[in-house]
Amino acid sequence: MVHARLFTMDGPGVGFIPDGAVAISGSRIAAVGRTADMRRDYDAAEIVDCRGDIVLPGLIDAHMHTGIALLRGIAQDMDHWMQLGIWPFRRHLTSEMAVAGSLVNIIEAMQAGTTTFGDYNSNMKQLLPHYQRLGARARVAEMIHSLPPQQGALQPGQLYPLDDTVGSALLEKNIQLYERWQGADDGRFSVLFGPQGPDLLGPELLQDVYAAARQRQAMVHMHVAQGDREILQMQLRYGKRSIAYLDSHGLLGPELLAVHLTEANTNEVKLLAKRGVSLVYCPGSIGIIDGLVPPVTEFLGYGGKAALGSDQLPGNNCSNMWNEMKLAALFNKIKHSDPKVLPAWKVLRMATVDGAAALGLGGEVGSLVPGKYADIIRVDAQATALSPILDESLRNIVPNLVYSLRGHEVHWMMIHGSVVMAERRLLHVDAAAAVAAAQKKAEEMASKAHQEGDLDASPLKRWTEQGFL
Ligand SMILES: [Zn+2]
């Protein structure tokens, strides 16, 4: 790839190289430098001219539940997102429906530049062949919880019923997933262990999950302090807040990828950073479903590593990493009444090189340096959202990428050395057919939930009748 405005994300900033080039050999990056030097030193079999492009590492969405994508738009603007928004539909969402929704979610994210998916789901076995076909990189976990399968709506504040035989079976699924997919396709797939939250499975089972992960040197992907709902459950059940509980069981360490930390206080955040825990911050999701800004700047201030995630579609309602970058920067500037907080270059690092490090992929992706996998996107520098471009005595490209890009300006994508999107078209999937299939499944699910009276719990039913939706 030659003649690009290249952001390698190497070094402490964004690693800009004017008229830059990337040499790729197989699935990996062989060299990076100025086009003139690279043309002199390398004899490429194929040359991609990137004049007119901004070239960046592929984006990393470190935390997603694509399995509930079919529920897009059913759980925003309300209290008790999980109980009142999600659970009325939960028992009607079959595995087949979930996969149909996931596929649209993955396509949407790829179309906006995501190359690495931190998918955290309960049907990974059925979904991974789709990731394989699309050519995406996935770092997945089975979502392990002990909620009985037929559990419908619950009242807020009511203690969840937990049945660890349910959770044990899901741990077994996670182990099988690991055996089948860890390192599969020349390292494009990897597997973590995914307890859904400290409140959603019993203490012995949580220890078993950690033991299974530690035995395999795998990471643990878990929601932690993800809302007042979780803290209330922990206090009712164990008399402790989530982070104190996890620490007392020896479960805070570098293997933990903690998601959200919405309710974590300053001392808890400090402790997590000290223990080497990584964070995934999901600004859009937590903003919409909780109306809160988690203590991400505090966590970074204590030296913690953080990635960004789009989380879920019932109440985010999109998987677009440009959106997450902008919201991360904006929400934190407002929270701290300080425009200097989370500058554009910093959130771009969270979606690339710093996010990769937090997700345990620091040696593999996230920056364009020799030896890493070739996960690369090209952005159209002629896009109105980026105009005008200044890159002589000062540069305005990174702020405009973060605060202005919509996502459709990404027109080409390479993952693991293979081109998977060209001229804005994903090469290995029929996007329109995937949308049509998901539509059919969503109608089926909603009609079943309606017939069985479950929708009465959702405020959306009332708002629809009142003419607000
Ligand atoms: Zn989540």
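**Figure 1. Where helix α11 ends.** Right after α11 comes Gly291, with a positive phi near 65°. Helices here are DSSP runs of H or I with at least four residues, strands are E runs of at least two, and both are numbered from the N terminus. What you're looking at is a predicted model, in which local features need pLDDT of at least 70 and side-chain atom pairs count only at pLDDT 80 or more, while totals for chains, interfaces and linings use all residues. Residue numbers start from 1 along each chain as its sequence is written.

**Figure 2. What surrounds α11.** Six of the eight residues in α11 are buried, so call this helix mostly covered; buried means 20 or more other C-beta atoms within 10 Å of a residue's own, exposed means 12 or fewer, partly exposed is in between, and the C-beta atoms are placed from the backbone. The buried ones are Pro283, Gly284, Ser285, Ile286, Ile288 and Ile289. Their cover includes α2 (81-90), β10 (256-260), β11 (278-281) and α13.

**Figure 3. α11 crossing α13.** The axes of α11 (residues 283-290) and α13 (residues 321-336) come within 8 Å and cross at roughly 65°. Those axes are lines fitted to C-alpha atoms over the stretch in contact, with angles running from 0 to 180 degrees between N-to-C directions. On the α11 side, look for Pro283, Gly284 and Gly287; they meet Asn323, Glu324, Leu327, Ala328 and Phe331 of α13. Contact here means C-beta atoms, placed from the backbone, within 7 Å. By type, the contact residues divide into four nonpolar, three polar and one charged. For that tally, Ala, Val, Leu, Ile, Met, Phe, Trp, Tyr, Cys and Pro are nonpolar, Asp, Glu, Lys and Arg are charged, and the others, Gly among them, are polar.

**Figure 4. A closer look along α13.** The 16 residues of α13 should span 22 Å at 1.5 Å a residue, and its end C-alpha atoms are indeed 22 Å apart; the expected span is 1.5 Å times one less than the number of residues. Buried residues in this helix include Met321, Trp322, Lys326 and Phe331. Just past α13 sits Ser337, where phi is positive, near 50°.

**Figure 5. The eight-stranded sheet.** This open sheet has mixed pairing and the order β3-β2-β1-β4-β13-β14-β15-β16. Two strands pair if DSSP finds at least two bridges between them. At the edges stand β3 (28-34) and β16 (425-426), each with a single partner strand, so one side of each is left without a neighbour in the sheet.

**Figure 6. β14 and its two neighbours.** Strand β14 (residues 410-415) pairs with β13 (residues 376-380) in the antiparallel sense over four bridges. Ile376 stands opposite Met414, and Arg378 has Trp412 as its bridge partner. Three bridges join β14 to β15 (residues 418-422), again running antiparallel; here Met414 is partnered by Val419. The hairpin of β14 and β15 has two residues between the strands, and His416 takes a positive phi near 60°. β14 is mostly covered, with five of its six residues buried.

**Figure 7. Stepping back to the chain.** There are 18 helices and 16 strands in the chain, and its C-alpha atoms fill a box of roughly 65 × 50 × 45 Å along the principal axes. Of its 469 residues, 55% count as buried. Among contacts between residues at least 6 apart in sequence, 72% join residues at least 24 apart.

Notes: Contact = placed C-beta atoms within 7 Å.
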